[in-house]
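Work through the exercises below with the coordinates open. Try each task before reading its solution.

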Amino acid sequence: MTRSALVAALALAVASAASATDFGHPDHYEFDASIAAPFRAQAGRFPIQLHFDYPGAGDRTAAAWTLDVVAPNGQVVASDRGLTKLGGRHVVVPATWNGGLQRGGAAAAGYYTLRLRAVPTVVDAADTRPIAARIDEAFRLFGDETVEQSYDVQVGSVAPARMTARVPLRVGAQSAAAPSQSLVAQAVPATGGLGYTVYYGNLHSQTNHSDGGTPLASCSGAENPQAGTMGPTDAYTMMQNQAHGDFLLTSEHNHMFDGSTGTNASANPTTAINLFKSGLTLASNYRAAHPTFLALYGLEWGVISNGGHLNLLNVDALAEWETNSSGQLIGEVNTPKSDYPALYSTMKSRGWIGMFNHPATSGQFLVNGTPLGYDPNGAQVMVLAEVLNSSAFSTNTTETETGRSSYQGAWNILLERGYKVAPASDQDNHCANWGLSFTNRTGVLLANGATLNTTNFYDALKARRTFATEDRTGQLVLTANGHVMGESFNNSGALTLTANYASTSGQTAQRVQFFEGVPGRNGTVTQLFEGSDTTTITPATGDHFYYAQITQANGLRLWSAPVWVTQGTGGGDTTAPTATASESGTSGTITLSATASDNVGVSKVEFYVDGSLKGSDTTSPYSTTLDSTTLANGSHTLVAKAYDAAGNVGTSSSVAFSVSNTTGDTTAPTVSASESGTSGTITLSASASDNVGVSKVEFYVDGTLKGNDTTSPYSMTLDSTTLTNGSHTLTAKAYDAAGNVGTSTGVGFSVSNSTTATELIKNGGFESGTTSWSATSGDITSSSTYAAHGGTYKLWLNGYGSASTDYGYQTITIPSTATTVTLSFWLRVVSDETTTTTAYDTVKAQLRNSSNTVLTTLATYSNLNKGSTYVQKTFDVSSYRGQTVRVYFEGVEGSQVATSFLIDDISVQSK
């Protein structure tokens with residue numbers, strides 16, 4: 001492989017398919033590629049990382065890729081290409097651009113686009129053709145699987161866009177609790193009359209109901225369905241309390257409720273359906289117990305190969321295509337595999353709405369053979385499209401994940417096809433780090449005072465009132481002649497577009513871009529304007545859509561939902577609707593209602609209380625509900641505004657009504673706590689009472705919430721190994737229905753976990769030669785060339801200076817009763833390689849099953865880890881309790897320079 005000045009390609013040793021024409025993909029495996037680069041140069045250069053993910057990679061799977069630097073005028077000013085073997089679930093290729101031009105000289109100041117195109121392919125060691133020819137062949141053979149990614153960088157000094165200072169909109173209770181949100185008072189409304197509250201969260205994640213919920217230490221990138229240890233409630237708790245999100249949708253793969261990535265012919269449909277129903281119940285229960293957080297449960301429908309994933313957001317039945325050996329559907333609603341028109345029709349008939357998940361620009365969502373093809377039913381039910389995801393198998397918990405994929409190109413295609421889809425930014429979490437891999441969120445707008453519930457939330461999605469952001473403290477709302485993003489309206493004359501940007505953490509905008517397209521044209525979205533947050537245009541007659549994109553000074557981006565505009569030649573409908581308003585209720589949930597009529601048709605009715613927007617409705621009879629406690633006791637006025645498609649507005653007469661919120665229960669429960677046990681399973685208990693009734697008791701150990709119970713006697717169990725040996729303090733908190741909280745006094749208790757360990761590895765120092773071990777011939781050796789760590793024998797992998805694959809393994813059974821299991825070994829790497837940046841030779845420490853299938857790759861070391869001494873490596877493998885596994889070491893060496901991997905004193909200790 002050529003190691004060019006632009007990109008130093010990482011070549012990993014791998015093995016698999018016969019020829020390119022035989023290359024195929026399992027249903028559920030997705031090839032992904034992304035770019036990570038700084039927005040501004042660092043020390044005069046742009047360090048770039050190309051991220052490649054493919055859980056289905058075999059020994060000879062590779063990524064063929066091209067990387068171009070595109071100037072503002074569209075010319076390619078620098079480029080390179082490569083063929084990178086994919087030996088692990090995540091491969092990173094380091095690269096750099098020095099800000100120069102291929103023809104010489106430095107690039108002028110401005111915004112330049114890094115553009116990556118990549119496809120999965122196979123490589124053959126016997127193929128001696130030039131790399132360029134093999135790359136061209138890969139794109140020709142697998143062009144329908146091309147992944148395209150782009151990221152804009154700033155070269156030199158560029159004046160920031162002219163921005164109007166705006167006070168941020170209110171945010172949800174959980175977002176407001178995030179540390180970075182405290183810089184701005186949340187009770188201050190935004191300027192510009194935008195009466196909305198922003199709720200931040202993610203709409204794409206998995207738990208152990210499908211192939212998610214795996215602890216971070218053992219999450220390897222292709223998880224077995226229902227093998228994870230953490231479920232929807234764990235996901236909601238983490239998103240609410242650690243990631244400070246306001247909502248989370250756990251979107252379980254619809255075809256995995258039978259416990260298989262394929263088809264489980266012995267599956268019991270009732271078992272699968274009950275699991276799905278339990279997810280709906282868990283979400284409902286969590287919402288009831290946590291009214292400031294919206295727990296949602298849905299399905300990720302479809303497969304990747306010959307398909308495309310989409311989320312069924314408000315699904316109420318298990319949609320499936322698989323049948324068992326008796327011909328029974330393993331679900332409730334038959335939705336034929338990869339038949340998107342049929343699915344859209346079913347969604348419409350059942351009232352389901354959807355989101356396109358990580359859409360590719362080609363090969364997915366076929367309608368009449370056309371990728372991302374238009375379907376009239378689909379245009380009604382699909383409301384969102386992801387424009388960005390952080391890496392699906394990220395184990396990051398500090399919101400700093402660099403592997404992030406953008407799908408703006410596919411979103412543009414969908415908009416040009418005629419889909420009215422708003423943008424979303426999610427994390428697709430499979431590992432147990434819901435909301436924690438990065439700061440990206442989907443922002444959803446609800447009218448001020450509207451309750452955060454499923455009805456209002458899904459209504460907001462149907463109204464396309466969302467924005468996508470890489471920064472959970474950023475806000476972007478596009479308005480056009482007084483219309484808010486998501487709306488469709490008629491217009492004549494000038495159209496003023498305003499990108500209403502604000503930040504709750506003091507960030508600033510560097511760049512503002514407005515984009516324009518034509519629905520149904522199937523053409524190209526174009527940049528309309530940049531330079532300030534407002535632009536005024538007169539559109540050509542016909543249909544258009546417009547959206548805004550903000551790039552902050554820190555390089556993080558935000559995308560608004562579009563507005564859809566039908567531009568007339570003048571005249572047209574000038575008659576405003578008529579409206580009357582009414583209100584019912586004085587406390588609790590009150591109802592705001594309206595009747596409205598128009599000579600053409602009413603498009604929307606908005607409800608204002610004391611001049612503040614409280615909600616809207618797009619279908620008759622027009623109404624919205626409001627929590628009376630958001631209003632002060634006393635008199636208020638209600639006004640309804642009715643809109644038609646031409647933008648005419650009719651305002652009702654004001655209607656007076658009164659609110660009388662009762663003081664209610666103010667007495668806090670009383671509670672006392674107790675604990676029993678010092679090791680193994682310990683029990684946390686509490687007794688609680690209240691003048692009305694206790695609704696919940698929470699248990700805290702050393703100030704950290706460990707669980708809760710809603711029924712008496714209140715208790716929970718805890719694995720003592722999750723606590724350190726020594727003294728701890730238990731505190732219980734009791735809640736009543738009115739929100740009053742009583743806290744117990746702290747109760748001291750001690751933990752004493754057993755420290756006696758059992759060694760599971762035999763002959764771990766190799767002093768008995770090959771006894772208990774299987775290894776490449778001659779690799780367990782007492783050679784004096786390199787000393788052992790202890791004694792005279794060790795495992796010596798590779799070191800030939802030519803292409804080779806060596807191995808050594810021992811089969812052990814890990815007791816199911818173990819509380820902790822620790823694998824350790826000593827490693828020394830001796831290498832003649834001189835590079836300090838590229839891994840040419842590697843050794844992997846793995847656990848495999850008896851069929852030699854890799855269960856997890858604990859770590860990969862390379863020539864970059866060379867040194868003169870042995871270094872001990874230690875790993876927690878407790879998640880494999882009760883399994884028989886091979887402790888496996890595999891060394892792979894390139895074809896030119898020698899690297900030796902010396903391994904000794906291997907131990908697996910069980911406690």
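Four exercises follow, all on a predicted model.

**Exercise 1. The disulfide**

Find which cysteines form a disulfide, and decide whether the link is left-handed or right-handed.

Solution.
1. Search the whole structure. One disulfide turns up.
2. Identify the pair. Cys 219 and Cys 431 are bonded, with 2.0 Å between their sulfur atoms. That passes the cut-off of 2.5 Å.
3. Read the torsion. It is -80° about the S-S bond, and the link of Cys 219 and Cys 431 is left-handed.
4. Place both ends. Cys 219 sits in the loop between strand S9 (196-202) and helix H3 (232-241), and Cys 431 in the loop between strand S18 (422-426) and strand S19 (441-447), so the bond ties together parts 212 residues apart in sequence.
5. Check burial. The limit is under 20% relative accessible area. Cys 219 has 7% relative accessibility, so it counts as buried. Cys 431 has 0%, so it is buried too.

**Exercise 2. A three-stranded sheet**

Work out the strand order of the open sheet S1-S2-S5, and say which strands stand at the edges.

Solution.
1. Establish the order. The three strands run S1-S2-S5, with antiparallel pairing.
2. Find the edges. Strand S1 (32-36) and strand S5 (90-97) each have a single partner strand, so one side of each lacks a neighbour in the sheet.
3. Get the twist. Neighbouring strands are turned by 20° against each other on average, direction ignored.
4. Inspect one pairing. S1 and strand S2 (residues 46-53) are joined antiparallel over five bridges. Ile 35 has Leu 50 in S2 as its bridge partner.

**Exercise 3. The surroundings of Thr 335**

Is Thr 335 buried or exposed? Which residues is Thr 335 in contact with, leaving aside neighbours within four places in sequence?

Solution.
1. Locate the residue. Thr 335 belongs to the loop between strand S14 (333-334) and helix H5 (340-350).
2. Apply the burial limit. Its relative accessible area is 1%, so Thr 335 is buried.
3. List the contacts. With those sequence neighbours set aside, Thr 335 touches Trp 301, Ala 319, Glu 320, Trp 321, Leu 343 and Thr 346.

**Exercise 4. Two helices crossing**

Describe how H3 passes H4, and name the residues that make the contact.

Solution.
1. Choose the descriptors. A packed helix pair is described by the angle and the distance between the axes.
2. Read them off. The axes of H3 and helix H4 (residues 269-289) come within 9 Å and cross at roughly 35°.
3. Assign the hand. The crossing is right-handed.
4. Name the residues. H3 contributes Pro 232, Thr 233, Tyr 236, Thr 237 and Gln 240; H4 contributes Leu 282, Ala 283 and Tyr 286.
5. Classify them. The contact of H3 with H4 has five nonpolar residues, three polar and no charged.

Definitions and conventions:
Residues numbered from 1 in each chain as written. Predicted model: local features only at pLDDT ≥ 70, side-chain atom pairs only at ≥ 80, totals over all residues. Heavy atoms only, no water. Helix = DSSP H or I, 4+ residues; strand = E, 2+ residues; numbered from the N terminus. Buried < 20%, exposed > 50% of the residue type's maximum accessible area, 1.4 Å probe, protein only. Pairing = 2+ DSSP bridges. Axes fitted to C-alpha atoms, helices over the stretch in contact; angles between N-to-C directions. Contact = heavy atoms within 4.5 Å. Left-handed = near helix turned anticlockwise from the far one by under 90°. Nonpolar A, V, L, I, M, F, W, Y, C, P; charged D, E, K, R; others polar.
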